[in-house]
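Hi everyone, thanks for coming. I'd like to walk you through one structure today, so let me put the sequence and the model up on the screen.

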Amino acid sequence: MTLPEEAYHQFVIECDEEKAWEFKQAVNEYETVRTVCLEYNKKMQLYRVFFLFCNFVYLIIEITEMFVNKIFIIAGIYLILAVILVIWRKSLICPAIASLMLLLLINEKAAFAIIPVWALFAFNGYIAYLHEKKKRYVSAQHGYPEFHPLELRVIRSKRPLSQDNDVHPEPEDIREAKDIPYNEN
């Protein structure tokens, strides 16, 4: 059973006794997916931080070579672009592709530097792939982007006495009956 979409954005779901079991199963399934999504959100945040940190460290290490080749402006533009896209848009694909620009512009000496630029491009691509894979899974789930915990409340219905099988109606009081001949009140 799938819960209504607005139910995923609430904290409490109410249902009647007849559908309690189905709703309980749906809530349990959601809670399982919710824990996975919360874990993925933490991993994606780590990917973004690690992505920015590694690119920043790489550009600091290679800054002397970039000053000689006068491409430090391009590297600075790349870093600003990466920071904006990673922090504001939470996307790693564009900065990973933009790091290809560094691969094309840095000369052959940088290809064999302490940390080669092609290794940075490969790292960026791999981290972007992992990030996007988790992002697609999380965004496809119900309750995205907040993933509230759900509580199920079962509403007990008030049934009339005639529908209850366990409770029998009260027997008539014999003294009140007027059709009995010896009871003439």
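**Helices, rings and a buried asparagine**

Going along the sequence, the pattern of this protein reads β-α-α-α-α-α-α-β. Please keep in mind that what you see is a predicted model. In total we have six helices and two strands. Of the 185 residues in the protein, 31% are buried. As for the contacts with a separation of 6 or more, 73% of them are between residues 24 or more positions apart.

Let's begin with helix H3, if you can find residues 72-89 on the screen. The helix has 18 residues and spans 25 Å from its first C-alpha to its last, which is close to the 26 Å expected at 1.5 Å a residue. Which residues of H3 are buried? They are Ala75, Tyr78, Leu79, Ala82, Leu85 and Val86. Looking down the axis of H3, you'll find these buried residues within an arc of 140 degrees, so they line one face of the helix. On the face turned away from that buried side, H3 carries the exposed residues Ile73, Ile77, Ile80, Ile87, Trp88 and Arg89.

Two of those exposed residues, Trp88 and Arg89, come up again right away. The charged end of Arg89 sits over the ring of Trp88, at 5.8 Å from the ring's centre. And just after H3, Lys90 has a positive phi of about 55 degrees.

Now, to a residue I enjoyed looking at: Asn55, which is in helix H1. Is Asn55 buried or exposed? Its relative accessibility is 0%, so Asn55 counts as buried. What does its side chain reach? One partner is the backbone oxygen of Phe51, at 2.7 Å. The Asn55 side chain also makes a polar contact with the side chain of Asn124, at 2.9 Å. Leaving aside residues up to four places away in sequence, Asn55 touches Tyr78, Leu79, Leu120 and Asn124. You'll recognise Tyr78 and Leu79 from the list of buried residues in H3.

Next, the aromatic rings. How many aromatic pairs does the structure hold? There are three, and I'll show you two examples. In one of them, the rings of Tyr40 and Tyr137 have centres 5.5 Å apart and planes at 70 degrees, so this pair is edge-to-face. The pair links distant parts of the chain, with Tyr40 in helix H1 (residues 20-61) and Tyr137 in helix H6 (residues 117-139), 97 residues apart. Tyr40 is partly exposed, at a relative accessible area of 21%, and Tyr137 also counts as partly exposed, at 31%.

The other example is Tyr144 with Phe147. Here the ring centres are 6.4 Å apart and the planes are at 70 degrees, so this pair is edge-to-face as well. Tyr144 is partly exposed, with a relative accessible area of 38%, whereas Phe147, at 2%, counts as buried.

Before I stop, let me take you back to Tyr40. Which charged residue sits over its ring? That is Lys134, whose charged end is 4.6 Å from the ring centre. So on the screen, look for Tyr40 with the ring of Tyr137 beside it in an edge-to-face pair and the charged end of Lys134 over its ring.

That's my tour. Thanks for listening, and I'm happy to rotate the model to any view you'd like.

Definitions and conventions
Residues numbered from 1 in each chain as written. Predicted model: local features only at pLDDT ≥ 70, side-chain atom pairs only at ≥ 80, totals over all residues. Heavy atoms only, no water. Phe/Tyr/Trp six-rings, centres within 6.5 Å; stacked < 30°, edge-to-face > 60°. Helix = DSSP H or I, 4+ residues; strand = E, 2+ residues; numbered from the N terminus. Buried < 20%, exposed > 50% of the residue type's maximum accessible area, 1.4 Å probe, protein only. Lys NZ or Arg CZ within 6 Å of the ring centre and 35° of its normal. Polar contact = N/O pair within 3.5 Å; in protein donor to acceptor, adjacent residues only side chain to side chain. Contact = heavy atoms within 4.5 Å. Expected span 1.5 Å × (residues − 1). Arc of directions from axis to C-beta.
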